[in-house]
Amino acid sequence: MRTVASRLIDSRASLSRLYTMAAGYGERRCFSNDSNKVDEPFKVEEAETVNVPPPPQEKLLVLGGNGFVGSHILREALDRGLSVASLSRSGKSSLHDPWANNVTWYQGNLLSPDSLKDALDGVSAVISCVGGFGSQSYMYKINGTANINAIRAASEKGVKRFVYISAADFGLANYILRGYYEGKKAAEAELLAKFPYGGIILRPGFIYGTRGVGSLKLPLGVIGSPMEMVLQHAKPLNQLPLIGPLFTPPVDVNAVARVALRAATDPVFPPGIIDVYGIQRYRQ
Ligand SMILES: NC(=O)c1ccc[n+]([C@@H]2O[C@H](COP(=O)([O-])OP(=O)(O)OC[C@H]3O[C@@H](n4cnc5c(N)ncnc54)[C@H](OP(=O)(O)O)[C@@H]3O)[C@@H](O)[C@H]2O)c1
């Protein structure tokens, strides 16, 4: 009984406080109207501070991030303030540059997809730079099977965007390098099937830039850059049957890195295949 009474008193007190505030506000408005004063802003005595958590940071996983193209992508992503991780068989490997300390390095083999699961936690986009040369069956496995495993694992984990660094057609050399070429095509088909809205395939020809080989730095741009200057204006030659692909212009590794990152992070970047001319266009 006493509780009910005290609640009634409390609620009457609250109501009367509300009424007093409302009446006071009305009086102020009337008063200011009468005297032609500008309305004073309504003053709130106590305001509650609401802590809105910052939006979660986008996390990018680069497969093969310790390689030539992968390391350029990681560096560019860090420059843009992204949170980045890399996975490869050797982990951090031989990279000694200071920026490499800001990358989370995972060791894993895409041919054993289970080793990828931890690295995919909380990842919103993946860029795969995994590929290589060797025997026909090895080339199929590394360019095809390894990437197909990664695409499936990423799709199961709900990753939103997946960028695959494939390669331009080799023309006459397609037969000699058929393991490489067929592996790339199989991975491309899987990507388009599993990521119809967020799957992007880059098909560069020769990629030039500074490639680290052990402690050596090979300046591939010495040949690549002038060739790009000449061949980018010879697009019709690239359409010739069989020999056309020999005229595919080389492309700067920084351009590939920039376009791959844009494709991975820009939600309106169109899904599908980007050839070397597209890479040159999007690099801007
Ligand atoms: N460079 C070019 O001129 C060029 C041209 C056209 C297309 N591409 C394509 O672009 C991509 C990147 O080329 P790149 O020149 O940067 O090659 P890269 O330097 O040889 O890098 C390949 C990366 O893949 C990793 N890797 C290989 N097998 C793996 C596996 N089973 N599991 C996990 N990681 C694996 C390697 O690290 P570990 O050895 O430590 O595993 C390395 O980090 C490749 O797909 C290539 O075919 C390159």
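**Exercise 1.** In this predicted model, determine which residues Val256 touches, leaving aside those up to four places away in sequence, and then place Val256 within the largest nonpolar core.

*Solution.* Begin with the contacts: once residues up to four places away in sequence are set aside, Val256 touches Val69, Leu202, Pro204, Ile207, Val251 and Ile279. Next, turn to the core, which has 57 residues and in which Val256 is listed with Ile73, Leu202 and Ala260 as touching the most other members. Finally, consider the helices: α7, spanning residues 253-265, gives the most to this core, contributing nine residues.

**Exercise 2.** Work out whether Gln107 is buried, exposed or partly exposed, and describe its surroundings.

*Solution.* First locate the residue, which lies in strand β3, residues 104-107. Then apply the count: a residue is buried at 20 or more C-beta neighbours within 10 Å and exposed at 12 or fewer, and because Gln107 has 14 inside 10 Å, Gln107 counts as partly exposed. Apart from residues up to four places away in sequence, Gln107 touches Arg89, Ser90 and Gly91. As a last step, compare sequence with space: Gln107 and Ala119 are separated by 12 residues in sequence and by 9.1 Å from C-alpha to C-alpha.

**Exercise 3.** Describe the shell around the ligand by its nearest residues, its elements and its classes.

*Solution.* Of the 24 residues around the ligand, those that come nearest are Gly64, Gly67, Arg89, Ser90 and Gly131. The elements giving two or more residues to this shell are α2 (68-79) and α3 (136-156), and the largest share, three residues, comes from α2. Sorted by class, the shell has 13 nonpolar residues, 10 polar residues and one charged residue.

How values were computed:
Residues are numbered from 1 along each chain as its sequence is written. This is a predicted model: local features need pLDDT of at least 70, side-chain atom pairs count only at pLDDT 80 or more; totals for chains, interfaces and linings use all residues. A residue is near a molecule or strand if its C-beta atom, placed from the backbone, lies within 6 Å of it. Helices (H or I, at least four residues) and strands (E, at least two) are DSSP runs, numbered from the N terminus. Ala, Val, Leu, Ile, Met, Phe, Trp, Tyr, Cys and Pro count as nonpolar, Asp, Glu, Lys and Arg as charged, and the others, Gly among them, as polar. Two residues are in contact if their C-beta atoms, placed from the backbone, lie within 7 Å. A nonpolar core is a set of buried Ala, Val, Leu, Ile, Met, Phe, Trp, Tyr and Cys residues joined through C-beta atoms within 7 Å.
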